[in-house]
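Got your viewer open? Here is a short walk through the model, with something to select at each stop.

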Amino acid sequence: MRVLDTVFAAGGVALLVGSGVALAQQGGAAPMQDGERRADDGRGIAAADAMTLGEAVARAGALGYGPVREAEYEHGRYEIETVDATGRRVELYLDAVTGELLKIDHDD
Amino acid sequence: MTTEPGKAAPSRTVKVWDGVSRLLHWSLAGAFALAYATGEEAFTVHEIAGIAVVAIVGLRFLWGALGPERARLSAFVPGPVELGRYLGALARGRPPRHVGHNPAGGLWAVLLLLLSGGAGVTGWLSIAAGGPLGRAMHEAHEVVAGLALAAVLVHVAAAVAMSLVHRENLIRAMIDGRKRP
C-alpha cells in the first residue's frame, strides 16, 4: 500500500465520522461557548432576542454609516452593505443580539 | 477479460470506470449542486446537502485507497515530470489521449474532492465552532465553496473540450463506464 493510499484512507474515515457527527447534531442546537449568546435558531432566522433588521440598520446609522444598500441576517449576525463617512463602500458585521460591531470589510 | 454469454460487451470498448466510482461521482455532483443552489436560503437543505458532500468525499477517499487500481486516488496524482510533459503537449495543442485520466485530469479530480470536502468541513465548523473561529470559518467557507465551483466549471469545460479533441463522449463514459481502448 502506497503512502498516499494510507493518507486517503485515513482522510476518508475522518470525513465519514465527521459527517456522521454533523448529521447527528443537525437540527439540534449547536454547541454553545461560555458566555456566548446565540442569535440564530440554526435555520437562518433571527431568534426572539435578536435585533430586527430595522434596528440593525438604525444601529449602522448610529455608528456613523449610511445610507444602507443591503442588510442580511446570517448565522447570528447582520451583514450590512453601506458606505462610511468618506463615501467608501464597507460591509459591517453586527452581532444580532448585542449590536456589537464585529468586523468591517472594505470593498475595494 | 471474459465475456458473459448472451451479454457481449459492446464491441471495441473497455471498462474504465467502476460502478462505485461512477455512483459517487454523480452523487457528489448532485449534492454539491444542491448545496450551492441553497447556499443563501433553505438552510436546513443546505446543511444536509453539505453533510452529504462530506460523506461522499469520505467514501471516495476510502474507495480511492482500497478500491480497484483504476479508482486509486494515488494513481490520479501525477509526478511533476509526467504532469509537465502533458501540459507542454497541451500547450502545443497536441495532448496525447489517455484511456484513464490524463495527468491534469487526475490531479483535478483530487483537487475537486479536496475543495468540495473542504467547503463542507469549513461550513460545518462555521456553525459548530462559534466565536472568532466560527467567523473565520464562515469567511473560509464562502471562499472555498467559490473555488470549488470554479474548479467544477473548469472540470466540465475540460471534459467537453477533450471529448471534442479526441472524438469521444467522456460524459457518457462516466455514465456507462466504458471507453474505446
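Before we start clicking, one term: helices (H or I, at least four residues) and strands (E, at least two) are DSSP runs, numbered from the N terminus. A loop in this tour sits between two such elements, and Arg167(B), for example, is found in the loop between H6 and H7 of chain B. Keep in mind that you are looking at a predicted model.

**Stop 1: a loop in chain B**

Select Arg167(B) and check its backbone. Phi is positive here, about 50°, although the residue is not a glycine. That is worth a pause, since most residues other than glycine have a negative phi. Is Arg167(B) buried or exposed? Arg167(B) has a relative accessible area of 75%, so it is exposed, the cut-off being over 50%.

**Stop 2: chain B as a whole**

Now zoom out and colour chain B by secondary structure. You should find seven helices and two strands, and walking from the N terminus the order is β-α-α-α-α-α-α-α-β. Chain B has 181 residues, and 41% of them count as buried. Switch on the surface: chain B shows about 9,700 Å² of accessible area, with 69% of it belonging to carbon and sulfur atoms. Look at the contacts between residues at least 6 apart in sequence, too: in chain B, 67% of these join residues at least 24 apart.

**Stop 3: helix H1 of chain B**

Select residues 19-37 of chain B to light up helix H1. Its 19 residues reach 27 Å from the first C-alpha to the last, close to the 27 Å expected at 1.5 Å a residue. At the start of H1(B), pick Asp18(B): one of its side-chain oxygens comes to within 3.1 Å of the backbone nitrogen of Val20(B).

Next, show the buried side chains of H1(B): Ser21(B), Arg22(B), Leu24(B), Leu28(B), Ala31(B), Phe32(B) and Ala35(B). While you look at them, recall that an α-helix has 3.6 residues a turn, so residues three or four places apart point the same way. What do the buried residues of H1(B) pack against? Their partners in chain B are strand S1 (14-15), H2, helix H5 (103-128), helix H6 (131-165) and helix H7 (170-176).

**Stop 4: a glycine in helix H2 of chain B**

Move on to Gly58(B), which has its place in helix H2 of chain B. With a relative accessible area of 0%, Gly58(B) is buried. Select Gly117(B) as well: the two glycines are 59 residues apart in sequence, yet their C-alphas are 8.1 Å apart in space. Which residues does Gly58(B) touch, leaving out those up to four places away in sequence? They are Gly12(A), Leu15(A) and Leu16(A), and that takes us over to the other chain.

**Stop 5: where the chains meet**

Show both chains together. The contact takes 34 residues from chain A and 34 residues from chain B. Between them, the chains bury about 2,800 Å², 62% of it on carbon and sulfur atoms. On the chain A side, pick Phe8(A), Leu15(A) and Gln26(A), which lose the most area to chain B and together account for 23% of what that side buries.

**Stop 6: aromatic pairs**

Over all chains, the structure holds three aromatic pairs. Start with Phe8(A) and Phe61(B): the ring centres are 5.1 Å apart and the planes are at 65°, so the pair is edge-to-face. This pair crosses between chains, from helix H1 (residues 3-25) of chain A to helix H2 (residues 43-66) of chain B. Phe8(A) counts as buried, at 7% relative accessibility, and Phe61(B) is buried with a relative accessible area of 7%.

Then select Tyr73(A) and Tyr78(A), another edge-to-face pair, with 5.3 Å centre to centre and 70° between the planes. Both tyrosines are buried.

**Stop 7: chain A and its cis bond**

Stay with chain A to finish. Colour it by secondary structure and you get two helices and four strands, running α-α-β-β-β-β from the N terminus. Buried residues make up 32% of its 108 residues. The accessible surface of chain A comes to about 6,100 Å², with 56% belonging to carbon and sulfur atoms.

For the last click, select Gly66(A) and Pro67(A): a cis peptide bond joins them, with omega at about 0°. Most peptide bonds are trans. You will find Pro67(A) in the loop between helix H2 (53-62) and strand S1 (68-74) of chain A.

Methods:
Residues numbered from 1 in each chain as written. Chains lettered and ligands numbered in written order. Predicted model: local features only at pLDDT ≥ 70, side-chain atom pairs only at ≥ 80, totals over all residues. Heavy atoms only, no water. Phe/Tyr/Trp six-rings, centres within 6.5 Å; stacked < 30°, edge-to-face > 60°. Buried < 20%, exposed > 50% of the residue type's maximum accessible area, 1.4 Å probe, protein only. Expected span 1.5 Å × (residues − 1). Contact = heavy atoms within 4.5 Å. Polar contact = N/O pair within 3.5 Å; in protein donor to acceptor, adjacent residues only side chain to side chain. Areas by Shrake-Rupley, 256 points an atom, 1.4 Å probe, with all protein chains shown as cover. Buried area = accessible area lost by both parts, 1.4 Å probe.
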